[in-house]
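Good morning, colleagues. Thank you for making time for this item; I should like to walk you through the model now being put on the screen.

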Amino acid sequence: MRRSRLKLRGRLALWAVIALVLTAIAADLLAADLPLAVRLDGRTHWLPMLTRPVPLRGATQQALAVRAEWIWRTPVPWGPNQTFAANAAVRDTPPPWGPDGNHWLGTDELGRDVLARLIHGARVSLTVGLLSVALCVAIGLLLGGLAGYYGRGVDAVISRVTEIMITFPTLFFVLAVLGLLRISSLFPLVLVIGFTRWTDIARLVRAEVLKLKGLDFITASRALGLSDARILVRHLLPNALSPVLVAATFAVASAILIESALSFLGLGAPPPTASWGELLTQAHRYLTHPGAWWLAVFPGMCIAATVLALNELGEALRALLDPRA
Amino acid sequence: MNRRLLLALLLALTACKDKKPAQLPTAPALKPSLAWIKGELPPEVLQGTPVSGGTFTVRVPTEPLGLNRLHDQQVEGMMARYTVGSIYETLAELDRQTHPRYTLKPLLAESWEESADHLTFTIKLRKGVKFHNGEKFGSKDVKATFDAILLPTNLTNSIRSNFPELTVTATDEYTVVMTTKKAHFMHRNNLLSAVPIFPASALKGDFNTLPINRAPIGTGPFRFVSWETGKSLTYLRNDEYWGPKAYVDKVVIRFVKDETVATQLWERGEFDLMTRIQPSVWRSIEAPTPGNAWAITGYHRINFVENYYSWIGWNQERPFFADPRVRRALAMLYPGEKVAKNIDMDLELPTTCPYYRPSASCDPQVKPIGYDPTAAIALLRSAGWEDHNGDGVLDKDGAPFKFTFLANPHSVKLSKLAPLLQEEFKKVGIEMDVEKVDAAQYVGRLRAHSFDAASLGWNNNDLNTDQFQVYHSSQKTGGSNFVSYDSKAADALLEQIRDTFDDEERHALERKLHQVIYEDQPYTFLTNRPQLDAIKTHVRGIHPSLAWYDLRKVWLLPPNATPVAVP
């Protein structure tokens, strides 16, 4: 009974994560300043938000709707960086503007559509989450595998390095490293998270390799004269992957939280990149006077839902892959 | 059991029902007056008979590294405001009542004489003045203070640069003679009103670790009591003060960096003087709603234009920005109206001038460059920047027009301005990346000229400003000419201005300099920032000025006092 419930929650979580990944991949098709297709002056432009043709430079979907023969709009007709998008001229107060028919989830302090920024923000969160965890897994597999397989001195050195890395409080360490680097893209963030969060995976891999290397199939591989590298890469690591997959799922959630925290502190992706944490920074500025609840609620919900989904997925994977769970 | 529960619930409900509703105070009229909207203090703030007593709490946004006004690493604009004049005193002070001329009036000096060649100042000091540690004030202290400034091994470069080749001699216990080799129109103000005087005994030892850096000793109307790091400074009234004593017993300077937290504390009534209110907060409390009653009925607002202008600087060592036509085009792409309405909330005043707005140094004939993307494109084309390869980015000699804007992530205004600029520039084919650098590194990067474009503001607590350090070509290294502006016409004017003592004549030269600089556009000039503050309605004796508020004059209306009738 319990297993089937877990399975259902896991499946739901998986669908949520898939939906998020698809949103991130198709962000440009879901929310953009230019339409999916438009026929203008006798010429049809397909996916102009990607091709950026010269005649449509500086245009908006709203302006094109008036001039075009036909137009196929994106579901959210605003680009993530389109400032003072709708009716700025006729509004009495400066942004942020609350949710209305034009902007379903409201706008931020520069009049940019919150929904469009959330959709494009998913891309930042997932890029940072997935790439940094890929790096974590690579480092963790390498170091954990070496430590577990060779043991003795190699194990002692790698294990001590791992323990030293664990003692650093991650967020402060990441802040310190980012302070030293000159950030102008997401990659320093990915590298820093990747290079600081590999320890859990390394320890898991080490333990698995220690357990596996005494088994008969490894002894057989040795007897066949296979090289250490081949044994490690072809036989040991593939068998140690299950716990890594579970840990990696949790690590993605944790990396997304770190990215949001760094963006909240103003050290995340450079402007004008949309990110969930950056929206929360703005929300912090508009807590009371003037209040703008939509800047806190919607990105907060996105972060919470994503982290929850990934954690549920991790739990479900653990239940599936670990017979003792 | 259930019946008992029901009975208890009924009793509770009856009790609630019987309870009389709390007597709400009669709601005062919520609609703010026009003066309140404008940020003008009502006349009663300067009326009435002052009474002594009470604690005056001030919010400031930054905590200084130390309280030694002379030390390079402790010079912080806000710190000077609440220490100089209240803890430390200068030889003379700016007369706050003479806005916008700001003449000097004696403070620790009784009088002074300036020689006809403007090279020698003979200063007679006030007698009977004591420092907070009980020592007598005299010429030895003035000499010791200036000696500390002039000692090259001390970290006093920023203040020392005002006094090249200065010698200070104490001719008797209360007379000091100061001599320089080169006359300068700012010398009088710099010598008399910019240097707080320390006791000679407190300046002995390593300048970097002097006890007065943390626990200042001066002659002012308040004496320092404590500094709780990260929280507050506390002063008590100096009952031994040589002049009219201050009215309030205690002053607490609270450091609250985060604007949101500061606003919440302000709403809870924790500050008698709230400083640096964000434009969005300032505007949002104007709506006549019950949620804003605390501000409308509890505080008077102050909107006072400071001697401050903000700018976007274009590093002219970079090939993009060496051509003045390009800099002009970039000024045409600055969406001034959008920024004024949506970011500055129509509170900051667009400017073209590096001098104080109400002064005679700005030329009113200089026409601001307006937002005009079409003209900007034409100007860029005349400078050779066109999209030759059709990739959407302008290029010249094969190099694309791409640059990086250095931004301080803690600046609320820059966080809004940078994406707007990116959008405007992109429309014409200029790509701007944003590099966020921590506040601590920001000025270092500017000094090292390690940036393409950046934004900052220049602030001055005095009316007169010598623009030499910022715009003269000799100041590219060591000075504040971060953008490497180089103009023979501006250099000549800047040198001439320094030697011109007649105010009218000098102002004429300054107006000419204003024209030259605006024509060359080393900066895109942005705005003059107002000081947006608020005081509780029971605070009296507050008068905004370039020299900030005079804490000696502040007094608090006792809780049950009848407010003075306003005619």
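**Chain A and its contact with chain B**

Let me begin with the contacts within chain A: of those with a separation of 6 or more, 69% are between residues that are 24 or more positions apart. Please bear in mind throughout that this is a predicted model.

Turning to the makeup of chain A, the secondary structure consists of 14 helices and three strands. The chain has 325 residues, and 46% of them are buried. Taken along the principal axes, a box of roughly 80 × 45 × 45 Å holds the C-alpha atoms of chain A.

How is chain A divided into domains? Domain 1 covers 33-73, and domain 2 covers 116-321. Between the C-alpha centres of these two domains of chain A there is a distance of 40 Å.

I now come to the interface. Here 25 residues of chain A are in contact with 29 residues of chain B. Which elements of chain B give two or more residues to the side that touches chain A? They are four helices, H7 (259-267), H8 (279-284), H11 (336-342) and H13 (412-428), together with strand E17 (431-436). Of these, H13(B) gives the most, with eight residues. As for the chemical character of this side of chain B, ten of its residues are charged, ten are polar and nine are nonpolar.

To close, I would leave two points with you. In chain A, the centres of domain 1 and domain 2 are 40 Å apart. On the side of chain B that touches chain A, H13(B) gives the most residues. Thank you for your attention.

Technical notes. Residues are numbered from 1 along each chain as its sequence is written. Chains are lettered from A and ligands numbered from 1 in the order in which they are written. This is a predicted model: local features need pLDDT of at least 70, side-chain atom pairs count only at pLDDT 80 or more; totals for chains, interfaces and linings use all residues. Domain bounds come from an automatic or database domain assignment. Two residues are in contact if their C-beta atoms, placed from the backbone, lie within 7 Å. Ala, Val, Leu, Ile, Met, Phe, Trp, Tyr, Cys and Pro count as nonpolar, Asp, Glu, Lys and Arg as charged, and the others, Gly among them, as polar. A residue is buried if 20 or more other C-beta atoms lie within 10 Å of its own, exposed if 12 or fewer, and partly exposed in between; C-beta atoms are placed from the backbone.
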